[in-house]
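Subject: Structure handover

Hi,

Here is the structure I promised to pass on. Please open it alongside this note. My findings follow below.

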Amino acid sequence: MTTKIKYTFKDFQSDQEVRWCPGCDDYVILRSLQKALPLMNRPKEKFVFVSGIGCSSRFPYYMDNYGIHGIHGRAAAIATGVRLANPDLSVFVITGDGDSLAIGGNHFIHALRRDINLNIILFNNEIYGLTKGQFSPTSKIGQKTKTSPYGNTQPPFNPGELAIGADARFFARVAGNDAKGQTEIYVQAHAFKGTALVEVLQNCVIFNDGAYKFWTDKNVRDEHTLFVEHGKPMIFGKNRDKGLILDGLQLKTVTIGQNGITEDDILVHDAHNPDPVLHMMLVRLKNPLVLGVIRAVEEKTLEEREIELTEQVKARSRIKSFDDIVS
Amino acid sequence: MTTEFKKRTDKPVRHLDQVTIRFAGDSGDGMQLTGTQFTTSAAMLGNDVFTFPNYPAEIRAPQGSLYGVSGFQVQIGAKNIDTPGDKLDLLVAMNPAALKKNLKDLKKGGMLIVDTDAFNKINLQKAKYESNPLEDGSLKDYLVVQVPMTSLTREALKDIPIDSKSKTRSKNMFALGMVYFLYGKDPKYTVEFLRKKFKNKPDIVEANIKALQTGWNYAETLELLPAFVVDEAPHHAKEYKIITGNTATAWGFLAAAEKAGLKLFLGSYPITPATDILQELSKYRALDVIAFQAEDEIAGISSAIGAAFAGKLAITTTSGPGLALKSEALGLAVMLEIPLVVVDVQRGGPSTGLPTKTEQADLMQALFGRNGESPAVILAAKSPADAFKMAFEASKIALEHMTPVILLTDGYIGNGSEPWTVQRLKDLPEIKPPLLKEPVENWKPYHRDPETLARKWVIPGTPGLEHVIGGLEKDKETGAISYEPENHEYMVKIRQAKVDKIAGFIPPLETEFQSEGELLVVGWGGTYGALRTAVGQLNEKGKKVGLAHFNHINPLPKGVEKVFEKFDKIIVAELNLGQFANYLRMKHPEFRYEQYNKIQGLPFTVEELVKAFEKLLK
């Protein structure tokens, strides 16, 4: 039996050659997750990676763990079966915006609704990469792609909004080029009891390059993004002088030191509040774009309910074997 | 409250070998319950039985309407019974619509019991009768027993403090009481049942029992009513239960899981007529069964694939439209080479088709309804009780050969019931899945057992054997992605060969009645009872007719050609346009196949089969 728990990221690398395009954020995601796994303090045979179809979904082949490379859109459903079958496994769903928000939308929302302990890593590049450049359900209106040469006419989903609407208990957003932020968030997502969704803003260098540069470019990212942490005021900006306040039913950006605003006026992030209203407002903001763990509300998970109920039924049932049914 | 039922005394008794009865009424009239109760009593009292419920897709169609008619047919016998019977000896019609829809199935001279209270102007109009059939002489060929059932029931229950609607609703027990009297069946099992079912509603118990008694007593007073007896059938010495095919299917899986030392996982989505299996398995948390009601058909099979990967006996249950939705995932299971059982309780198609009616038209879909070269094992159950055996066998094959298996049943045997001889775990064969629990040197995920060609089943959580499987073509040993042309051809062929080899693990084809002769009747799946009865009748007439009925469709059992060549003619009878016949033409083109086909959403009648087969005989 393997008792070694002290792993390094290398213990999670498979012998398969990684075949993503050079410069793709997927490399950052892979490495960040491989670095996060040793911090989760679990034997490596307890991790299962389940994916669908798309660039992101090649992921399990690059991990030295148990994994299933499934079919398009069905990763969440397959993973639900794995997890229900064995709640001792740490199950990751590796998916993309096409995989989970288009063809697999149904499984995606129902996984969130059920609150089963899965960790869903959603690679959102706002494009279909593996089929070489068609618009996805997160592509912007007007975006020119191979199937929208004159511009996309379909309004996009905001994954966070969709997720919270589907009663997601955990939602985090992180930039695809932020290795450190990702590692931290993956560890938090794994520690969270319930369905944890992490949206990674993943830049596709080939078909949608620069989709996130307004928020991820080194020069501007501090001004255009807010990285929230539970219990801390929502302050951002290069000089840490900007923050969010609630102005009526709107979130508003203010500058500390101007118009009598002090740090005490800034909203303090409460990721654990079951009421999703403020979380919904946060995921909808575009400037600043809110990153970090936006929502983390632990409840009894589906598998906990299942196990509890089964134990109750067992305690009072005379049926211990098939033979008892027919006797 | 007294529950004494007067003994039948002074009437002369006629002994019958078998009798076919149908209870028909509004879908809210409780006809399924009435029929089930009669069946249970008859079986408990020693008859062989076979039932066939025939109900509309509408849950509560407008009262009195033709499309709201629900029927329950049962044949009881003093000898072996394999079908619910063709023509009715007795029809109980609770309203004009029920009469209109069912009269054509009543034998000339057969008995008809009607509730005259329901034959009012409105109901007659709803049933599209221009004149009242009870008065216009159109029923002169039948023995008509006119009973004001509703008013007699209401009168009998007048002192019981329940609402008026509940009183009227008890009329099905009145009808049942009459039928019990007619066939001399002690109503004690129904009394027991009512006491248990309504144990917290003593007034309802009293009302139902009173209605039952009133019906019984009323029957005794009717001069024209004969008294019949259907004696005990000989096979009833053994321990048995009356179960539907869907329940038998569910139980087969329960037994298989325990026999294999595994827990059962069902991923499913409600669909008629397969839902009963999901409902049945939902009851067995005590056996650690996970019956997961998924968000759709695709999630049903996908979750089962996940559960199979994680070490469960994993199954998914559906009907034709659901199988269509599952086909991509089924291809994944073929590619992953994991154990999985898919049950298709077939119904009339295409598209939504006839959800509550039976058909055998999903055979080609099961065989070939996937992209690529995607062989799956196909089995078919031949009767309600046989569904237990086949669900068990489907599990055994899936687990021991690491392959998806499709088990075809149909609405007729899924909802139909017959006695199932009780089997316990000790009576069933061993199931030994090829689990690998400890690392072995040089193990690779797609190493195969030379005898079965099955790969090892390695469950996540096993240290040192981490591996990834997926839907992309894989290297023949390591399972890593491979686009090599020769490797792909090798893998396609070996997946096929693995399924083909299963023919060596199943019983060879056998015939019943004759092993050589003038005509061989070939069937598969749920038509067995009718075919067997028809071929039996022809043999009684001295005809040399054999029956070859297939449980195993892919692969076919061994010995097909040896059986077929002994007969002058072969006729394939099935409830579709000839799918199995065409499959046999592909697999055994050396024979000529006649066909008998029916696509009416109904099972075969014995009469039509005998007629069709006789045409081919000299």
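**A helix and what comes after it**

B:Gly542 comes after α17(B) and has a positive phi, near 90 degrees. Keep in mind that this is a predicted model.

The helix itself covers residues 528-540 of chain B, 13 residues in total. From first C-alpha to last it reaches 18 Å, close to the 18 Å expected at 1.5 Å a residue.

Which residues of α17(B) are buried? They are B:Tyr528, B:Gly529, B:Ala530, B:Leu531, B:Arg532, B:Thr533, B:Ala534, B:Val535 and B:Leu538. Note that B:Arg532 is on that list. The buried residues pack against four strands and a helix of chain B: β3 (48-54), β18 (517-524), β19 (545-550), β21 (567-574) and α20 (606-615).

**The sheet in chain B**

An open sheet of 7 strands runs in the order β11-β10-β12-β13-β15-β14-β20 in chain B, with mixed pairing. β11 and β20 (552-554) of chain B are the edge strands. Each has a single partner strand, so one side of each has no neighbour in the sheet. From one strand to the next, the twist averages 20 degrees.

One pair inside the sheet is worth a look. β14 (residues 377-380) and β15 (residues 404-410) of chain B pair in the parallel sense, over 4 bridges. There, B:Val377 has B:Val405 of β15(B) as its bridge partner.

A helix covers part of this region. α12(B) lies across β12 (313-318), β13 (340-346) and β15 of chain B. It runs at about 160 degrees to β13(B).

**Where the chains meet**

How many residues does each chain bring to the contact? Chain B brings 48 and chain A brings 44. On the chain B side, these elements each supply at least two residues:

- helices α9 (245-260), α11 (297-309) and α12 (320-336)
- strands β10 (264-268), β11 (290-293) and β17 (468-470)

α11(B) gives the most, with 9 residues. By class, the side of chain B that touches chain A has 27 nonpolar, 11 polar and 10 charged residues.

Strands also pair across the two chains. β2 (residues 66-69) of chain A and β17(B) run in the parallel sense, over 3 bridges. A:Ile68 has B:Ile469 in β17(B) as its bridge partner.

Two links tie these parts together. The edge strand β11(B) also supplies residues to the contact with chain A. α12(B) lies across sheet strands and also supplies residues to that contact.

Best wishes

How values were computed: Residues numbered from 1 in each chain as written. Chains lettered and ligands numbered in written order. Predicted model: local features only at pLDDT ≥ 70, side-chain atom pairs only at ≥ 80, totals over all residues. Contact = placed C-beta atoms within 7 Å. Nonpolar A, V, L, I, M, F, W, Y, C, P; charged D, E, K, R; others polar. Pairing = 2+ DSSP bridges. Expected span 1.5 Å × (residues − 1). Buried ≥ 20, exposed ≤ 12 C-beta atoms within 10 Å, placed from the backbone. Axes fitted to C-alpha atoms, helices over the stretch in contact; angles between N-to-C directions.
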